[in-house]
Amino acid sequence: MTPSAARIKTPQQLLAESGADLEGHGLKRTMGLFQLICFGVGAIVGTGIFVGLSDSVAEAGPAVVVSFVLAAITCVFTAFSFAELGGAIPVSGSSYSFAYASLGERAAFLVGWCLLLEYGVSVSAVAVGWSQYLNELLDSLTGWQLPAALSAGPGEGGAVNLPAVVVILLAATLLVRGVRESARATAAMAVLKIGILIVFCAVGFAAFQDGHLSPFTGSGAAGITAGASVAFFSYIGFDAITTAGEEVKNPRRDIPIAILVCIGLVTLLYCAVALSAIGAIGADAVANSPAALSVVVDEVTGSSVGGGIVAFGAVVAIASVVLAVMYGQTRILMSMSRDGLVPRVFERVSPKTATPVANTWIVAAVFAVPAAFAPLDVVVDLTTIGTLAVMAVVNLAVMVLRRRAPELPRSFRVPLFPLSPLLGIGFCLYLIWGTGWTTWLQFAVFLVAGGLLYALYGRRNSRLVTSPGA
């Protein structure tokens with residue numbers, strides 16, 4: 001049996017197996033650049049800013065703006081690497097496929113394993129955040145909320161988080177209907193939530209007080225670093241753009257552009273929202289308010305109407321994240337299934353809808369369980385460190401492929417190579433350091449579990465071993 005580390009698929013193999021620049025495995029190329037940018041914004045802007053802002057501010061205080069910029073810098077260097085690889089190898093597997101083409105099968109499986117954590121916890125956590133804002137919206141419109149027994153898990157004083165399950169099932173229903181319909185819905189929701197965040201910034205800056213920014217760095221550099229590690233969770237999702245590689249009309253051009261535009265746009269939005277919120281009501285008030293944006297608008301306007309509008313925006317925004325991230329997860333599983341590393345049911349595409357129907361419903365069912373019952377706060381740091389590890393691997397993959405496949409057509413090249421990917425790896429390691437030793441230990445156990453799963457299933461069923469042409 002071929003050693004796992006030596007099992008490498010060339011970019012040409014990955015492109016040929018996916019359908020290259022044609023229709024990939026029954027998938028249809030229907031997404032244009034605007035839809036792809038909206039898809040990226042839809043995957044990023046959601047719980048991290050509407051719900052998670054309070055956690056970031058609790059760590060860094062007014063210096064949370066610096067934390068957002070630090071997290072963004074980490075993403076920018078990595079985004080360069082994703083842009084180069086996404087344009088050169090436009091397949092659905094994203095960082096999993098990039099690792100397969102550069103570091104070998106075992107590394108690729110562990111990257112896919114980390115992506116299951118990233119996307120799985122993200123979807124479940126986002127769905128829980130959607131439930132919170134749905135109650136805010138209901139209270140604003142009708143004065144009535146869902147009872148705690150039906151809107152929170154057992155760890156939060158309830159029995160089951162029913163709205164979280166509902167939004168996941170609604171997203172799955174839309175996804176199985178077709179990528180065109182999903183892309184249109186994501187685009188509409190992305191435009192709406194950007195508009196609401198811009199209006200929020202206008203309201204917040206109208207009540208801005210300089211004194212609320214003092215002391216700016218009360219927790220010092222340690223607080224900024226901790227805030228950046230928390231804020232980084234708000235950027236999770238931009239890599240989902242590369243999972244659309246087989247359904248974009250012009251992936252070699254559009255994927256790099258969409259990634260860079262999304263990171264720049266989202267960073268500006270996050271910094272403006274954080275600064276306006278803190279300037280309006282102070283860092284302590286923001287840190288103590290899970291639905292901080294609604295609180296800011298209510299206090300500034302003296303009416304619950306504005307808060308209700310923000311809550312509506314959050315409901316739309318968070319729903320679009322669920323939709324986009326679930327899409328990314330199904331495409332990564334489809335690529336892993338195509339390689340034989342997970343069961344074949346995940347690669348089957350419906351000839352009627354051109355979507356992986358069974359894959360989508362399995363993902364929805366699995367994600368709905370923790371969203372309904374499990375306390376997810378304890379694994380957010382684990383998700384962050386897993387995502388950072390994947391991003392470090394992507395930066396490494398760029399350098400390896402530049403040497404291994406210099407002739408590979410690249411529509412975008414990482415600037416300042418190799419300094420840029422090296423800085424990307426350095427920033428990833430820096431933020432990993434900020435997560436603390438308990439998270440490192442959890443991540444080590446998680447990787448060991450993934451390694452065992454690969455040894456017991458993936459290594460034996462790999463297409464590179466079982467296929468006659470391997």
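Author: A354 lies in the loop between α15 and α16. The model we are looking at is predicted, so please read each value as computed from that model.

Reader: Happy to. Why is A354 called buried?

Author: Buried means under 20% relative accessible area. A354 has 7%, so the residue counts as buried.

Reader: And what makes the backbone of A354 worth a look?

Author: A354 has a positive phi of about 60°, although this residue is not a glycine. For background, most residues other than glycine have a negative phi.

Reader: S350 is found in that loop between α15 and α16 too. Is S350 buried or exposed, and how do you know?

Author: Buried. The relative accessible area of S350 is 19%, and the cut-off is under 20%, so S350 falls on the buried side. Leaving out residues up to four places away in sequence, S350 touches T355 and V357.

Reader: Let's move into α15. What makes T330 a buried residue?

Author: T330, which lies in helix α15, has 0% relative accessibility and therefore counts as buried. Not counting neighbours within four places in sequence, T330 is in contact with P356, N359, T360 and V363.

Reader: Now for another loop. Where does L416 lie, and why is L416 called exposed?

Author: L416 lies in the loop between α17 and α18. Exposed means over 50% relative accessible area; L416 has 65%, so that label applies. The phi of L416 is positive, at about 55°, although L416 is not a glycine.

Reader: In the loop between α17 and α18 there is also P418. What is the peptide bond from F417 to P418, cis or trans?

Author: Cis, with omega near 5°. As a point of comparison, most peptide bonds are trans.

Reader: On to the helices. How do you know that α9 has the span expected for a helix?

Author: Helix α9 covers residues 162-177, which makes 16 residues. At 1.5 Å a residue they should span 22 Å, and the end C-alpha atoms are 23 Å apart, so the two values agree. Among the buried residues of α9 are P163, V165, I168 and L175. Just after α9, G178 takes a positive phi of about 145°.

Reader: What does the same check give for α5?

Author: Helix α5, residues 64-88, has 25 residues and reaches 35 Å from its first C-alpha to its last. The expected value is 36 Å, and the helix comes close to that.

Reader: What makes you call α5 mostly covered?

Author: The count of buried residues: 21 of the 25 in α5 are buried.

Reader: Next, helix pairs. Why are α10 and α14 called oblique?

Author: Helix α10 (residues 179-206) and helix α14 (residues 292-301) pack at about 45°, with axes 10 Å apart. Angles under 35 degrees would be roughly parallel, and 65 to 115 roughly perpendicular. The pair fits neither range, and α10 and α14 are therefore oblique to each other. The crossing of α10 past α14 is left-handed.

Reader: Which residues make the contact?

Author: From α10 come L197, F200 and V203, and from α14 come L293, V296, V297, V300 and T301. By class, this contact of α10 with α14 has 7 nonpolar residues, 1 polar and no charged ones.

Reader: What makes α7 oblique to α19?

Author: These two helices pack at about 125°, with their axes 9 Å apart. Roughly antiparallel needs over 145 degrees, and roughly perpendicular runs from 65 to 115, so α7 is oblique to α19. Their crossing is right-handed. The contact includes F109 and W113 of α7, with F443 and Y454 among the residues of α19. By class, the contact of α7 with α19 has 11 nonpolar, 3 polar and 3 charged residues.

Reader: One last residue in α7: why is L138 given its accessibility label?

Author: L138 is found in helix α7, residues 105-142. Its relative accessible area is 22%, while buried needs under 20% and exposed over 50%, so L138 is partly exposed. Setting aside residues up to four places away in sequence, L138 touches G143, W144 and L146.

Key. Residues numbered from 1 in each chain as written. Predicted model: local features only at pLDDT ≥ 70, side-chain atom pairs only at ≥ 80, totals over all residues. Heavy atoms only, no water. Helix = DSSP H or I, 4+ residues; strand = E, 2+ residues; numbered from the N terminus. Expected span 1.5 Å × (residues − 1). Buried < 20%, exposed > 50% of the residue type's maximum accessible area, 1.4 Å probe, protein only. Axes fitted to C-alpha atoms, helices over the stretch in contact; angles between N-to-C directions. Left-handed = near helix turned anticlockwise from the far one by under 90°. Contact = heavy atoms within 4.5 Å. Nonpolar A, V, L, I, M, F, W, Y, C, P; charged D, E, K, R; others polar.
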